[in-house]
Amino acid sequence: MTGFFMRYCKKTNFLSSVSLFLFISTFCFITLAWATGSSLHIKTAALLPVDEAYILDADFDVNFSSEVENALSKGVSLTFLIEFQIVSPRQYWFDDEIVSASRQVTISYHALSRQYLLNQNNHQQTFASLQDAKEELSHLRGWQVVDKVLLKKGEIYHAALRIRLDQSRLPKPLQVDAIGSEDWDMVSERYRWTPALALQSPNK
């Protein structure tokens, strides 16, 4: 009986060790894949009233793979398009588009100064690290997207936002390599919401 019990314990401990090893290996593989991949994700978006218009504020998660970071350090510029749309939904027909707008943001590396440059809205900023540049890219603030005169009081509107890498701005050889590549196929899910718009008077 004692020998059987010892053999049973050894077998149980062996199976437990194998299960633990498989769990840790799977967890490390998933973590490594997530950490090294490129991705764009919209966390929040909101329309805020200012004077006679609405501005858009949004926050993104921005992750670059090691391949993308390496290309950036070698002089490849990354141009992102932030695309916004607001529509008036129609029950029996296509939605009525009120506004469609896009904004361009470019990250590049200046080898002589060893600084990262971020250009958006005709304004250039410099950063000592890529992490700082990505942090700035992650926060969109004060983008005026729609005039209040275009909106009617009491009507419901749907807004949508997306951010993506503009692959057409990559060097030609890299455009071919980027096709179907998880490193370069950076595009967020379309973020949709129904904003609460405080309009003082109807548009006639």
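This is a short tour of one predicted model, stop by stop, for use with the viewer open.

Before you click, some ground rules: residues are numbered from 1 along each chain as its sequence is written, and side-chain values use heavy atoms, with hydrogens and water left out. Because the model is predicted, local features need pLDDT of at least 70 and side-chain atom pairs count only at pLDDT 80 or more, while totals for chains, interfaces and linings use all residues.

**Whole chain.** Colour by pLDDT, the predictor's confidence in each residue, from 0 to 100. The mean for the protein chain is 85, and 79% of its residues reach 70 or more. Now select residues 25-35: pLDDT stays under 50 here, and the model has one contact beyond four places in sequence for this stretch. (A contact means heavy atoms within 4.5 Å.)

Switch to cartoon. You should find four helices and nine strands, running α-β-β-α-β-β-β-β-α-β-β-α-β along the sequence. Both are DSSP runs numbered from the N terminus: helices are H or I with at least four residues, strands E with at least two. Of the contacts in the chain with a separation of 6 or more, 66% join residues 24 or more positions apart.

**The core.** Of the 204 residues in the chain, 34% are buried, where buried means under 20% relative accessible area, exposed over 50%, and partly exposed in between (1.4 Å probe, protein chains only). Select Leu56, Leu78, Phe84 and Leu161: these have the most contacts inside the largest nonpolar core, which has 44 residues. Such a core is a set of buried Ala, Val, Leu, Ile, Met, Phe, Trp, Tyr and Cys residues joined through side-chain atoms within 4.5 Å. Stay on Leu78 and show its surroundings; beyond four places in sequence, its contacts include Phe64, Val68, Leu72, Val105, Leu165 and Trp184.

**The cavity.** Next, select Phe60, Ile82, Val105, Leu118, Gln120, Glu136, Leu137, His139 and Leu140, the lining of the largest cavity. The elements giving two or more residues to that lining are β5 (115-120), α3 (130-137) and β7 (139-147). The search turns up one cavity of 30 Å³ or more, and the volume of the largest is about 40 Å³. A cavity here is a set of points, on a 1 Å grid over the protein atoms alone, where a 1.4 Å probe fits but cannot get out; lining residues have an atom within 4 Å of a point. Grid points are joined across faces, edges and corners, and the volume is the space filled by probe spheres set on the points.

**Phe127.** Move to strand β6 (residues 123-127), where Phe127 sits. Phe127 is buried, at 13% relative accessible area. Not counting residues up to four places away, Phe127 touches Gln115, Tyr116, Leu118, Asp132, Ala133 and Glu136. Try a C-alpha to C-alpha distance from Phe127 to Arg114: 9.1 Å, with their positions 13 residues apart in sequence.

**Two positive phi values.** Arg114 is in the loop between β4 (96-110) and β5. Its phi is near 55 degrees, positive in a residue other than glycine, and Arg114 is exposed at 65%. Then jump to Asp51, in the loop between β1 (39-50) and β2 (53-63). Asp51 has a positive phi of about 55 degrees and is exposed too, at 71% relative accessibility.

**Last stop: Ala178.** Look in helix α4 (residues 172-178). Ala178 is buried, with 1% relative accessible area, and is in contact with Gln167, Leu170 and Trp184, leaving aside neighbours within four places.

Terms used:
On a 1 Å grid over the protein atoms alone, a cavity is a set of points where a 1.4 Å probe fits but cannot get out, and a pocket is an open set with protein on both sides within 12 Å along at least five of seven lines; lining residues have an atom within 4 Å of a point.
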